[in-house]
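Dear colleague,

I am passing on the structure we spoke about, and below it you will find my notes on what turned up when I went through it. Please read them with the structure open beside you.

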Amino acid sequence: MSSSYIAAIDAQAQRVPDAVAFCNSRGESITYAELKRASDALARWIANSDAVASGVPVVVYGHKSPLMPACFLACVKSGHAYVPIDVVYPRDRVASIIDQLGETVVLDTIGAIPQMLGDQLQRPWFGPDDLAAAIADGAVEKGESAAEPQPVRENDLFYILFTSGSTGTPKGVQITTECVDGFMDWLAGSEIMADAPRVWFNRSPFTFDVSLTDMVCGLTRGDTLFALEDEAEKSLALAFESLGTSGVTDWVSTPSFVDQCLADESFNAELLPSLSHMVLAGEVLRPETVRLAQQRFPGLRVFNGYGPTESTDLVTLCEILPEMLACDRALPIGYAKPGSRLLVLDPQTYEVKPDGESGELFVVGNTVALGYWGRDDLTSAAFGACPPELAGGMRTYRTGDEVTREPDGLYYYHGRYDLQIKLHGYRIELGDIESTLCALPEVHMACVLPAWRDGAISHLVALIVPADLQAPRGFALTKQLKRALRERIPAYMVPRAFKYLDSFPLNPSGKADRKALAAAIDE
Ligand code: AMP
């Protein structure tokens, strides 16, 4: 079966050809008719390009231009999974992803890759001019010899999203066509859908699974997506200026971003008079955020969504109701997505936990990813841990999240079993930063810890044992380490504070004693 998600978007070109499918703060936009024409033309060009081997994943680089969704669609329409890479990724990370993919090609919507990678770019590359020419050329009827693009099918990969990996190398989550179609079917009938036409805020980068929510909700029924381009993200004032003319009705973002906006009093119903729905996902949603948002936007309906990239974005969702805000406990993360089975298991014995008792959440069903690209070791640890008698022949994913299911079917999140964190909405493996630090010549040992404020992580602190214990440890060393990190990992992963020690306290198994070190950062 081919993708019903692609078919649903294409159908809008017939239904509402002149409606804007995607627009951004730069005033760039693309209608549904143009989106279909561009993605069809690019798909035909990919299918007939000698540079693109059959079925290989295709990197799509850029941020929030209308060419991005057109390229994503073109890839899947020609039988290739797309791999979004955002401009926030530094050189080393981009190189690592391209390298891991092996045989791939790069569609560079902004033309920045050759300068960034230089000789390191060993794969075929196509810049914005190539893409524009392919779109212009593809609109012309092709001769009989031209190959017709064959779209991805049910069990083919649809996209690969690279997330932080604990060993310093990002890992590629492989999502199939079936995963995306199942996700779309759920959202289509969910309570977050209000009467069309709507304008969805496409806030999250395409490298973050939360962005799939508004793409699926908006593009499959002829609504408009609105996004902020680089320059409008530089300050809240600039973002608000653009948002003020956007007509956004449905807000999808992390709670952190809303908190940032709410800190400014001008974020209110005067700025966004049509805003009626807010879907918040990706990290803990605090009651104060909902209360303040509903004060600023009277009548606003707020939803909490939860889910890892590995289970195709969200697997639980619920509206935050007044009675949830009134009671003295954390907010629920939602009810399970119909069709995906959620198991709460003891993380050691894998026994099923009864309702009301906490355990590790395992996701079972067809929204679970195929595993990590080229990483059988990581795949078997995360996707092969669920006992087969509980899996019932379905794919499973161990989330690392501690949750409780209550008898009414609502799930509650309590924290992580491992060293993965969310900082301002970004998913980060602390081990990723530590491995990167340890690979630097100035560093002997490194431990990165979160610093907390008001129940949320405010920033990261790096504790370092320098390679040269006699060398000066002041501002100059910190500056040097931060600069080196910025070349290797995204800026949001670079710790704000650095502390230097002669040695680390060790726990009985000989590892750095993180609890003792956490006490040291409070001193
Ligand atoms: P990502 O793959 O970036 O979407 O991150 C997934 C992880 O973010 C989950 O495994 C949780 O640890 C966390 N997370 C996502 N949504 C929520 C939520 N609504 N509440 C608490 N934690 C969340």
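**Aromatic pairs**

Counting rings of Phe, Tyr and Trp as paired when their centres lie within 6.5 Å, the total comes to 19 aromatic pairs. Please keep in mind throughout that this is a predicted model.

One of these pairs is formed by Y82 and F158, whose ring centres are 6.1 Å apart and whose planes meet at 70 degrees, so the pair is classed as edge-to-face, given that planes over 60 degrees apart fall into that class. Y82 belongs to strand β4 (residues 82-86) and F158 to strand β7 (residues 157-163), so the pair ties together parts of the chain that are 76 residues apart in sequence. Both members are out of reach of the surface by the rule used here, since Y82 is buried and F158 is buried as well.

A second example is the pair of F383 and Y397, which is tilted, with 5.0 Å from centre to centre and 40 degrees between the planes. This pair also links distant parts of the chain, as F383 is in helix α13 (residues 376-383) and Y397 in strand β18 (residues 396-405), with their positions 14 residues apart in sequence. F383 and Y397 are both buried.

Y82 and F158 return in a wider arrangement, for ring pairs link Y5, F22, F72, Y82, F158, Y159 and F206 into a cluster. F206, a member of that cluster, also has a charge over its ring, because the charged end of K64 sits 3.7 Å from the ring centre. Elsewhere, R329 lies over the face of Y412, at 3.6 Å from the centre of that ring.

**The ligand and its shell**

The ligand is surrounded by 18 residues, and the closest of them are G305, T309, D401, K422 and R427. The residues of this shell divide into six nonpolar, six polar and six charged. Three elements, β13 (301-306), β19 (410-416) and β20 (420-423), each supply at least two residues of the shell, and the largest share, three residues, comes from β13.

Several polar contacts can be followed atom by atom. A polar side-chain atom of D209 lies 2.9 Å from an oxygen atom of the ligand, and an N or O atom in the side chain of R416 is 3.3 Å from an oxygen atom of the ligand. With E283 the contact is made through the backbone, where a polar atom is 3.2 Å from a nitrogen atom of the ligand. As for how much of the ligand is covered, it exposes 490 Å² when taken alone, and the protein buries 97% of that area.

**Backbone points to check**

Three places in the backbone deserve a look. A cis peptide bond joins A196 and P197, with omega at about -5 degrees, and P197 is found in the loop between α7 (177-188) and β9 (199-202).

T312 has a positive phi, near 60 degrees, although this residue is not a glycine, and its place is the loop between β13 and β14 (316-319). T312 has a relative accessibility of 0% and therefore counts as buried, the cut-off for that class being under 20%.

D454 likewise has a positive phi, about 50 degrees, without being a glycine, and D454 lies in the loop between β22 (443-453) and β23 (456-466). Is D454 buried or exposed? Its relative accessible area is 66%, so D454 is exposed, as anything over 50% is.

**Two residue pairs by C-alpha distance**

Lastly, here are two distances that you may wish to have to hand. The C-alpha atoms of E351 and L390 are separated by 9.7 Å, while the two residues are 39 residues apart along the chain. E351 is in the loop between β16 (341-345) and β17 (358-364), and at 53% relative accessibility E351 counts as exposed.

T478 and R496 are 9.7 Å apart in space, C-alpha to C-alpha, and 18 residues apart in sequence. T478 is part of helix α16 (residues 475-488), and with 14% relative accessibility T478 counts as buried.

With best wishes

Definitions and conventions. Residues are numbered from 1 along each chain as its sequence is written. This is a predicted model: local features need pLDDT of at least 70, side-chain atom pairs count only at pLDDT 80 or more; totals for chains, interfaces and linings use all residues. Side-chain values use heavy atoms; hydrogens and water are left out. A residue is near a molecule or strand if one of its heavy atoms lies within 4 Å of it. A polar contact is a pair of N or O atoms within 3.5 Å; within protein, one must be able to donate a hydrogen and the other to accept it, and residues adjacent in sequence count only if both atoms are side-chain atoms. Accessible areas come from the Shrake-Rupley method with a 1.4 Å probe; for residues, only the protein chains shown count as cover. Helices (H or I, at least four residues) and strands (E, at least two) are DSSP runs, numbered from the N terminus. Ala, Val, Leu, Ile, Met, Phe, Trp, Tyr, Cys and Pro count as nonpolar, Asp, Glu, Lys and Arg as charged, and the others, Gly among them, as polar. Buried means under 20% relative accessible area, exposed over 50%, partly exposed in between (1.4 Å probe, protein chains only). Rings of Phe, Tyr and Trp (its six-membered ring) pair if their centres lie within 6.5 Å; planes under 30 degrees apart count as stacked, over 60 as edge-to-face and the rest as tilted. A charge sits over a ring if NZ of Lys or CZ of Arg is within 6 Å of the ring centre and within 35 degrees of the ring normal.
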